Amino acid sequence: MEEPILKELINGGQIIFSNTLKQQVDTLVAQTTVNLLKFNQAATKAEQWPALEKILRYPVPQSLRINPPFQVDLGAHTFIGNNIFINRDCLFMDLGGIFLEDNVLLAPRVALLSMNHVESPDQRQNMILKAIHIKSGAWIGAGATVLPGITVGENAIVGAGAVVTKDVPANMVVAGIPAKIIRPIKIS
């Protein structure tokens, strides 16, 4: 895996977006967009993989299963483990970093958002960047949203449509808006 392009932004906290930084990010997002179009229009893994590796900027594990369409803003700050499944219409805003450990499942329309804007109106163009960590074996349900700085624990389940505003402990099921602990996972 190559060094992240703008590694100082991964989990970078509050970032003042100078014109130079805006131009760098805009250039990288434009490059990613070109490759997303290629990825999302390809019919086979053989056609998709070159575009996906240009998006992420490292060799993608062959065990990854990803169903287009897929959307990501930067791409270079998404780190994918082995045996990951990403279903249709997932959205990654990865400027602050997104880390998917092995055996993670993402249902359709999951949104992983590692960035937010500053609340104060006079600073709102600036960003708050906090990495998202989805631990091994976690399953994120359809339409769920995970907000900046969240860790979803090992084997945890996030219910469909949940908005995750706090860390999810390992081996727990959470659901709702905001997501709350429902119960421990059932182990058979």
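**Backbone exceptions, ring pairs and a few contacts**

N155 is partly exposed, with 31% relative accessible area. I start with this residue, and I should say at once that the model is predicted.

Where is N155 in the chain? N155 sits in the loop that runs from β15, residues 151–152, to β16, residues 157–158. The backbone is what drew my attention here: N155 has a positive phi, near 65°, and is a residue other than glycine. As background, most residues other than glycine have a negative phi, and most peptide bonds are trans.

A second asparagine goes on the list beside N155. N83 is not a glycine either, yet its phi is positive, about 60°. N83 belongs to the loop between β4 (78–80) and β5 (85–86). Its relative accessibility is 43%, and N83 therefore counts as partly exposed, since the partly exposed class covers values between 20% and 50%.

Next, the peptide bonds. Which residues does the cis bond with omega near 0° join? That bond runs from P68 to P69. P69 is in the loop that leads from β2, residues 65–66, to β3, residues 70–72. Another cis peptide bond lies between I177 and P178, and there omega is about -10°. P178 is also a loop residue, placed between β18 (172–175) and β19 (180–184).

Those two strands deserve a minute. β18 and β19 run antiparallel and are joined by four bridges. Together they make a hairpin with four residues between the strands. G176 is in the turn of that hairpin, with a positive phi of about 100°.

β18 has another partner, β16, and that pairing is parallel, over two bridges. What does V173 of β18 face on each side? Opposite V173 stands I157. In β19, V173 has R183 as its bridge partner.

Now the aromatic rings. How many aromatic pairs does a search of the whole structure find? It finds four. A pair of aromatic rings is described by the distance of the centres and the angle of the planes. I will take two of these pairs in turn.

In the pair of F70 and F92, the ring centres are 5.0 Å apart and the planes meet at 85°, so this pair is edge-to-face; the cut-off for that class is over 60 degrees. F70 lies in strand β3 and F92 in strand β6, residues 90–93, so the pair ties together parts that are 22 residues apart in sequence. Are these two residues buried or exposed? F70 is buried, at 3% relative accessible area. F92 is buried as well, at 0%.

The other pair is F79 with F99. Their centres are 4.8 Å apart and their planes are at 20°, so the pair is stacked; the cut-off for stacking is under 30 degrees. F79 is in strand β4 and F99 in strand β7 (residues 98–100), so the pair ties together parts that are 20 residues apart in sequence. F79 counts as buried, at 9% relative accessibility, while F99 is partly exposed, with a relative accessible area of 25%.

F70 and F92 come back once more: ring pairs link them with F39 into a cluster. One further ring has a charged neighbour. K45 lies over the face of W49, at 4.6 Å from the ring centre.

The last stop is a pair of loop residues, N87 and P108. N87 is in the loop between β5 and β6. Its relative accessible area is 18%, and N87 is buried, because buried means under 20%. Which side chain does the side chain of N87 meet in a polar contact? That partner is N67, at 3.3 Å. If residues up to four places away in sequence are left aside, N87 touches N67, L106, A107 and P108.

P108 is found in the loop between β8, residues 105–106, and β9, residues 111–113. P108 is partly exposed, with a relative accessible area of 33%. Under that same exclusion of residues up to four places away, P108 touches N87, R88, A142 and G143. One distance to finish with: P108 and L36 are 72 residues apart in sequence, and their C-alpha atoms are 17 Å apart in space.

Note on methods
Residues are numbered from 1 along each chain as its sequence is written. This is a predicted model: local features need pLDDT of at least 70, side-chain atom pairs count only at pLDDT 80 or more; totals for chains, interfaces and linings use all residues. Side-chain values use heavy atoms; hydrogens and water are left out. Buried means under 20% relative accessible area, exposed over 50%, partly exposed in between (1.4 Å probe, protein chains only). Rings of Phe, Tyr and Trp (its six-membered ring) pair if their centres lie within 6.5 Å; planes under 30 degrees apart count as stacked, over 60 as edge-to-face and the rest as tilted. A charge sits over a ring if NZ of Lys or CZ of Arg is within 6 Å of the ring centre and within 35 degrees of the ring normal. Two strands pair if DSSP finds at least two bridges between them. A polar contact is a pair of N or O atoms within 3.5 Å; within protein, one must be able to donate a hydrogen and the other to accept it, and residues adjacent in sequence count only if both atoms are side-chain atoms. Contact means heavy atoms within 4.5 Å.
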